[in-house]
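Okay, thanks for squeezing me in. I'd like to walk through one model with you, so have a look at the screen while I talk.

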Amino acid sequence: MTENQKPLSNELIDALLGDYKKPEDLIGENGLLKQLTKALVERALQAEMTEHLGHGKNQLVANDTGNTRNGKSKKTLKGDFGALPISIPRDREGTFEPQIITKHQTRWTGFDDKILSLYARGLTVREIQQHLQEMYGAEVSPTLISSVTDAVMDEVKAWQSRPLDAIYPIVYMDCIHVKVRDSGAVRVKALYLAIGINMDGIKEVLGMWMAQTEGAKFWLQVITEIKNRGVADIYIACVDGLKGFPEAIETVFPKTSVQLCIVHMVRHSLNFVGWKERKQVADDLRLIYSATTIEQAEMELCQFEQKWGERFAPIGESWRKNWPRLTTFFDYPPDIRKVIYTTNAIESVNMSLRKITKNRGSFPTDESVLKLFYLALNNISKKWTMPIRDWKAALNRFTIQFGDRMPNV
């Protein structure tokens, strides 16, 4: 409470609650809070009109033009109190501009935020309608919900084109697939995501992009855009095993070390194994990537091939083929290897995005996907306030290994 505000007297509160018997009397459809809000807002509007004209109701005209009150207009505002009818005073010259409720305003301040919050949690338009009706008694049309969420697209465009930092020591890139209606048919489209770890160790979504399918050619466009937005260097890029993906990164950032995600590699390997032996094969693969040195890892790979090579030859062949990009993380101490060898940082984001889309059969447009994911990513990134685990150790290592590429501090 500020110094100019006066506390409500007990006598006034007692008078207001004189007929109170049950909660509905206070917060119900016709409860005291709703009536009091209406009365206070309408009284404030009358006070604004008095200030505008220079004289009160039924008083002598005090302005040079002879402007006076000219009845009222009706407006219904939607908000926490449901639908609340308000009488807006008018003047003869039509010059009165209300402040507490502006012209064309149909919703209380903050009501749009409630719609966006529900939308960001994956509720469909129909579910948002039902929720607002049940919680606030407010009937909201699908057109209104769409207009509120459509306004987000300007934010999305500005966010997607914003300048980025010059250096991101680590960048994770991955893709999530969504169903979107396109030309009368439902198609599975690819939504590309890039998450960077900045110099402070804080995660940051660099952007999101949509395409018909996932492919290295489109990833090349994504990486080029990231560079055009100001990124001059990436030390380590963590990606899945998509063919041509590492080459796309190295084309734009030739000094970047590419680490193929070990988790993706293990999943791919287990596709060749039956259920009965899957755990045993997974345990033997773990011996490879949990080795203390790259030499020990290669020895474990040799033993794996001796044990399983005859039955599951494609596994050993795949690890051999990708070995240089599977073992980048061995250049770093054990306490920061887990930050590097897996795309879990972005996988967890993808998991959260899948949760909010699981109740949707498909999206009507590409824009509807971008709106929802932008709002959802905003919610997710609010928790990214602290550096990732063991960041100081990682930064010290980067300073030694990439000294000539580190910014001057």
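Let's start with the sheet: 5 strands make an open sheet with mixed pairing, and the order across is E5-E4-E3-E6-E7. At the edges you've got E5, residues 203-211, and E7, residues 257-260; each has a single partner strand, so one side of each has no neighbour in the sheet. On average, neighbouring strands are turned by 25° against each other, ignoring direction. And just so nobody asks later, this is a predicted model.

Now, E3. That's residues 167-182, and 12 of its 16 residues are buried, so the strand is largely enclosed by the rest of the structure. What does E3 pair with? On one hand there's E4, residues 185-197, antiparallel, over 13 bridges. On the other there's E6, residues 233-239, which runs parallel to E3 and is joined to it by 5 bridges.

Tyr 172 is a nice residue to click on here. Its bridge partner in E4 is Ile 195, and over in E6 it stands opposite Cys 238.

If you follow the hairpin from E3 into E4, there are 2 residues between the strands, and Ser 183 takes a positive phi near 55°. Carry on outwards and E4 pairs with E5, antiparallel again, over 8 bridges. In that pairing, Ala 190 has Ala 211 in E5 as its bridge partner.

Back to cysteines for a second. How many disulfides are there? The count is 0. Take Cys 261: its closest cysteine sulfur is the one in Cys 238, and at 8.0 Å that's too far for a bond, because the cut-off for a disulfide is 2.5 Å. Cys 261 is buried, at 3% relative accessible area, whereas Cys 302 is partly exposed, at 30%.

Okay, helices. H10, residues 262-270, packs with H13, residues 313-321, at an angle of about 155°, and the axes are 9 Å apart. Anything over 145 degrees counts as roughly antiparallel, so that's what H10 and H13 are to each other. The crossing of H10 past H13 is right-handed.

Last one: H16, residues 344-357. Its 14 residues reach 20 Å from the first C-alpha to the last, close to the 20 Å expected at 1.5 Å a residue. Quite a list of buried residues in there, including Ala 345, Ile 346, Val 349, Leu 353 and Ile 356. Glu 347 and Asn 350 are buried in H16 too.

That's me done. Questions?

Technical notes
Residues numbered from 1 in each chain as written. Predicted model: local features only at pLDDT ≥ 70, side-chain atom pairs only at ≥ 80, totals over all residues. Heavy atoms only, no water. Buried < 20%, exposed > 50% of the residue type's maximum accessible area, 1.4 Å probe, protein only. Helix = DSSP H or I, 4+ residues; strand = E, 2+ residues; numbered from the N terminus. Expected span 1.5 Å × (residues − 1). Pairing = 2+ DSSP bridges. Axes fitted to C-alpha atoms, helices over the stretch in contact; angles between N-to-C directions. Parallel < 35°, antiparallel > 145°, perpendicular 65-115°, else oblique. Left-handed = near helix turned anticlockwise from the far one by under 90°.
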